[in-house]
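Here is a protein model to look at. Let us go through it by question and answer.

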Amino acid sequence: MEKVTAADAPQFKGSRLRNYLMFLIPSLIGIGLFMTPLRYQGDITIAIAVVAKSFKALLEGVMPVLLTLIVSLSALVTVSCQLFKPAKVMASPFLKGLFYPNWLWTLVRVIGAVFAVLIYSGKGPAYLLDPNTGGLVFGDLLPTLFSVFIFAGLLLPLLLDFGLLEFVGTLMTKVMRPVFKLPGRSAVDCFASWLGDGSVGILLTGKQYEGGFYTQKEAAIIGTTFSAVSITFSLVVLAQVKLEGYFLPFYGAICLAGVVAAIVVPRLPPLSWKKDHFIGGSPRTGEEEAIPGHHGVMSFGLERALHRADSIESLKKPLGDGIKNALDMLLGVLPVVMAVGTIALLIAEHTPVFGWLGKPFVPYLELLGIPEAVAASKTVMVGFADMFIPSVLITGVDNEMTRFVVAAMSVTQLIYLSEVGALLLGSRIPVNFIELFVIFILRTLVTLPVIAAVAHWVF
């Protein structure tokens, strides 16, 4: 992708009218699909999520076999490429990036394929087929991700390629850079996640990092901080703990805690240790966001958007980019989610590991004045496996304040291996498992006091 720096705009190849239309029409369609809230079947969502949901329902009968084939194909081709290094794959940057990962990720894909085949055939062990472990990932999560990846992948170029991010990025730089140490264009990632789905935000962030628009540090911060949980899922969590009447303070606590975490956590290791270098190795100089003296913010944002639109000579490249996006997510990420998500849920459901890890939080919860701190502590670390499990575990606790705190905490922890964590690990965003775990702990420590303060005010 071509980047536009803060230099005087060169002469356009196409007419100004043509560039205005090339910028406005796809960008407005992208805004309508990814960023415009609408009400559907009683929920607040976005159009792309509605399309994906309808597509998922349409393929419900064939979805299990389709997912098994995709995950298995990914593993087989990856192993073949590792063993035989076919010339056509090795000569293509896209195919090599997709099918020639290191041996660790090859093993993860193979594990994902084995899990998928065992669950689809129904011949796996009971603990793997359990609807709370492998059955949950294969039967509920993967079909949703499959549908989202196809449509979001194909249509993301509407946001990426026609100038919208250049325009929004220029306008938002004076807010995002001083407050969050991020480019203005990252506001679009956050908004798409907030209204739609965190997976959309991660896909958007990953593609911008690969395109050279974010540095390693910025991509890691955005992926672990701004891939927010949608409003719809927050409502589901609140319903699970039977506190539907507290939505406004609940979501207010989530937003406030999320902003505090977004300011604090990126200033701490491991995110603060990430290099401020682009994917090619060049450092960010600061000139990328400078505005020439003869331009205002609005006029320069528009000029950058028109220049980006001018670089699109035909719709063939954006269409090709969309197809590559979808294939990359389907064949590269679905097997990782299948493997990592299932393993995390197996540990959460069938071992006391997360209970042991939660014990150190008892004094912290007591210090914050949370009733039934021991029961609450058992839910703290299990959120790393899956965001919904803490709300399920705390349902039996009578104290409303405790249920409120646990539900809000599970949403603001943000990184859970059954989806967001696995998506981050499967992407090219530069974070590893240990870093995700540390960031999860930091987010928990930072957001709990904010949530507890709101809970004390409400209850």
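Short questions and answers on the fold and its aromatic rings follow.

This is a predicted model, where local features need pLDDT of at least 70, side-chain atom pairs count only at pLDDT 80 or more, and totals for chains, interfaces and linings use all residues. Residues are numbered from 1 along each chain as its sequence is written, and side-chain values use heavy atoms, leaving out hydrogens and water.

Reader: What is the radius of gyration of the protein chain?

Author: The radius is taken over C-alpha atoms, and the globule rule is 2.2 Å times the number of residues to the power 0.38. For 459 residues, a compact globule would come near 23 Å. The chain agrees with that, at 22 Å.

Reader: How are the rings of Phe55 and Phe151 arranged?

Author: Rings of Phe, Tyr and Trp (its six-membered ring) pair if their centres lie within 6.5 Å; planes under 30 degrees apart are stacked, over 60 edge-to-face, the rest tilted. Here the centres are 5.1 Å apart. The planes stand at 85°, so the pair is edge-to-face.

Reader: Is Phe384 buried or exposed?

Author: Buried means under 20% relative accessible area, exposed over 50%, partly exposed in between (1.4 Å probe, protein chains only). Phe384 has 2% relative accessibility. Therefore Phe384 counts as buried.

Reader: And which class fits Phe437, with a relative accessible area of 26%?

Author: Phe437 forms an edge-to-face pair with Phe384, 5.2 Å centre to centre. Its relative accessible area is 26%, so Phe437 is partly exposed.
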